[in-house]
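Trainee: Could you take me through one part of this structure closely, beginning with the charged surface and continuing to the aromatic rings?

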Amino acid sequence: MLKNLVLSKSIKLTLNVRYFHSSTKLKSGGASPISYPSLEIENAGELQKMNLFQSINNAMDIALKSDPKACVFGEDVGFGGVFRATVDLRDKYGAHRVFNTPLCEQGIAGFAIGMAAQGATPIAEIQFADYIFPAFDQIVNEAAKYRYRSGGQFNCGSLTFRTPYGAVGHGGHYHSQSPESYFGHTPGLKVVVPSTPIEAKGLLLASIRDQNPVIFFEPKLMYRSAVEEVPIGDYEIPLGKARVVKEGSDITIVGWGSQMRVLLQAVHMAEEKLGISCELIDLRTIQPWDVETVCNSVKKTGRLLISHEAPKTGGWAAEISSTVQERCFLSLEAPIQRVCGYDTPFPLIFEKFYVPDHLKNFEAIKKTIQY
Amino acid sequence: MYKVGGLLNRVTKNEIIKRYISSGTTFKVQNGNTFKINNSRGLLVNGVCSSSSNSIITSNNKSISIESLYNQRHFSSSKSQSKKREQDDDDEDNSKLKKTDKLVVQELKELIPVYSIMNQDGIVSQPDQDPNFSKEVVTKMYTTMVLLNTMDSILYDVQRQGRISFYMTSFGEEAIHIGSAAALDMNDTIFAQYRETGVFMWRGFNVDDIVNQCCSNDLDGGKGRQMPMHFGSKRINLQTISSPLTTQLPQAVGTAYAQKLMGEKNCTIVYFGEGAASEGDFHAAMNFAATLSTPTIFFCRNNKWAISTPSKEQYKGDGIAGRGPNGYGMKTMRVDGNDIWAVYNATKLARQIAVEEQKPVLIEAMTYRVGHHSTSDDSSRYRTIEEINHWKENQNPVQRLKSYMLRKGWWDEDREKAFIAESRQTVRDALNRAEKQKKPPISELFTDVYDKLTPNLVEQQNELLDHLKLYADEYPLDQFSNSTINK
């Protein structure tokens, strides 16, 4: 068992060793796919090629095996889930531990809170992050405040909400949203977004075992497109810690989830075309976020770009930008850049123009350097 | 290639059969029918491949969904499970519905009757249904009701004097509180709305506990963070009350499911008003409890008013009970909420069903909110004093139990006077103690947001401490305990 062995210090760049496949749409100018620097897990033991949904399935398998009070439930999770993330789990652990609920998000959330308050370990699925809003009251007014309002007598810390989020190419208004900011604004919740199969597994296991309610946003674009060698053992990646994916000296670039691959592509362009050295940071946890890692990086580089798919106004980049400005004022050599979705609903046919793609990010990097 | 299951999951016909039918177990459908795959194109619904393509046509042209095959295979792994599943399915199977060639618009016909066994004179119409508690137990029940009344009267006035910020009385609903609480086991989990103070008192939550919470002092288990009446106590297994209405209902279904999962012989009871039952969470909870078969008792206090909204503006159907049997397939009872024995018997039976059958039960107790909604409400603006007096005089739950005791010779007016005087003193003493007690340490502003203080919260706490050092005289620091601020 490798539980708790992972430390962010153990990150190594393993370019070309474990590759992280980028889809063709991320290729620039017909070049070969850019490899995403994978995370090395110390004493990883046996590895198995997994995509993102398989690594999430593997994490839940381990959670159900190691905790007899753990249950997985939500809409259509029984037969394996609409994204296959819960496949085979009902067979392995029984219909009393892996089950369908009626189609009602506020019910799923309230049910999960109650289970957790009674000492069980609910792992609840909201089918798309776009449909988490009917559960907003249960999550924000109830789950987030459960421990605080009871003076610490009760808590629902053992609950985890998993939900697919983000652009998928053709999801339109209600299969594309990135609602992390709504929840980041709520004290009492933890918000986590993984960016690779290895990270998804370690972060999900840490989220399930964390003693606070966690919303775990899964980048659905990467369910199948992201494939790497994932340790089959039990390991956790600590919450609240960002990961420096790639070190650099001229500008700090912060993102999370599927945006990380877009940013890596922009970084490659900036390095190839302009000779700019970029430090790329995967925030991983939105709340509580790793202020220290981001600020240390900005103090070194003097420049910062933050990018997310969600709309700009009120997005999490605003929070990061403001905090960095407060703490790194004397180090900043240019205004902080936010490259985000526009302040519109997520559009169907205009998706390519809407998303903060690598070219928009490349331009923002250029502008910041030339400031 | 065929689309199966979720988004973009492409598998071949052989894989479908291998994965869903023959993988590891023998599977037979309709006397060995052969399969062919319904080669329809997957439809995109909600971004997900529609299950309409996920079907197999048997040789007798019956379409069977792959998911149902999967389910049958799963449950056939154990014979008893398989039978259980079939039986459950039969209950819900549309083919069991009777057919008719008469087009009839269904309308509300019969209302669910109200179970009531004791009248205002304390006479039990069905003596065999009298729970026949001992003198000691009935006296405890009655005195708890009187103590609750006395405390409510005093704390209501105390709020008017500005000594506590808010209060909600329980006038008229005392029999519901004591009758239901007495039928429960201490290990049964309680979720409440806010007007169930008597339930907590029956469980051992005393006047001091209540007054400390209302005064937000450092003896409040909730650390003074919530408004008065938002009690919670690990000791009496009461999950902390919150203001958002009805949120506790689906939570109670979850706790009951956890109790079932852990094999406990207990249930969860959840109290709510008839107004709260209009929230979406009511529907969520009832439906989840029924389909997931959880040992939950839904206890509705139908007191005819949700602040100023009368129940006739709240629903058009047969109250809340009417939604139970046909709406959610849930066992349901409607009782006279001013009759303590009716409430006790119903709750006891509900608990038996919940624990032994592992099924939910709905109880609707009909009563009347005699007091104002809260200290922030003047109910004379929307209802008549005659209406209130009618209930006070003719349907008074406290008077009813008193009559019962008087008939048995267990109580008299002298004892009543003495007990009320004693109760007043108990409450006043508790109030004096609670008011002298310090408020919780200021540092508790930051704890319990998470299990541990986050770096952000540590920083904000330090900011506040630095600020208080600068402006120590401007804040009421001396009212808070363990204050580490140096003036």
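Mentor: A patch joins like charges within 9 Å, or nonpolar side chains (Val, Leu, Ile, Met, Phe, Trp, Tyr) within 5 Å, among residues with over 30% relative accessible area and no salt bridge (Lys or Arg side-chain nitrogen within 4 Å of an Asp or Glu carboxyl oxygen). Asp and Glu count as negative, Lys and Arg as positive, His and chain ends not at all, with charges placed at CG of Asp, CD of Glu, NZ of Lys or CZ of Arg; areas are Shrake-Rupley values with a 1.4 Å probe, only the protein chains shown counting as cover. This is a predicted model, in which local features need pLDDT of at least 70 and side-chain atom pairs pLDDT 80 or more, while totals for chains, interfaces and linings use all residues. Residues are numbered from 1 along each chain, chains are lettered from A and ligands numbered from 1 as written, and side-chain values use heavy atoms, without hydrogens or water.

On the surface, a negative patch brings together A:Glu319, A:Glu326, B:Glu463 and B:Asp466. At least two of its residues come from each of helix 11 (316-327) of chain A and helix 15 (455-470) of chain B (helices are DSSP H or I runs of at least four residues, strands E runs of at least two, numbered from the N terminus). B:Asp466, within helix 15 of chain B, is partly exposed at 48% relative accessibility (buried is under 20%, exposed over 50%).

Turning to the rings, one aromatic cluster contains A:Phe133, A:Phe136, A:Tyr165, A:Tyr182, A:Phe183 and A:Phe217. Over all chains there are 30 aromatic pairs (centres within 6.5 Å; planes under 30 degrees apart are stacked, over 60 edge-to-face, the rest tilted). A:Phe136 and A:Tyr182 pair edge-to-face, because their planes meet at 85° with centres 6.2 Å apart.

Notes:
Buried means under 20% relative accessible area, exposed over 50%, partly exposed in between (1.4 Å probe, protein chains only). Rings of Phe, Tyr and Trp (its six-membered ring) pair if their centres lie within 6.5 Å; planes under 30 degrees apart count as stacked, over 60 as edge-to-face and the rest as tilted.
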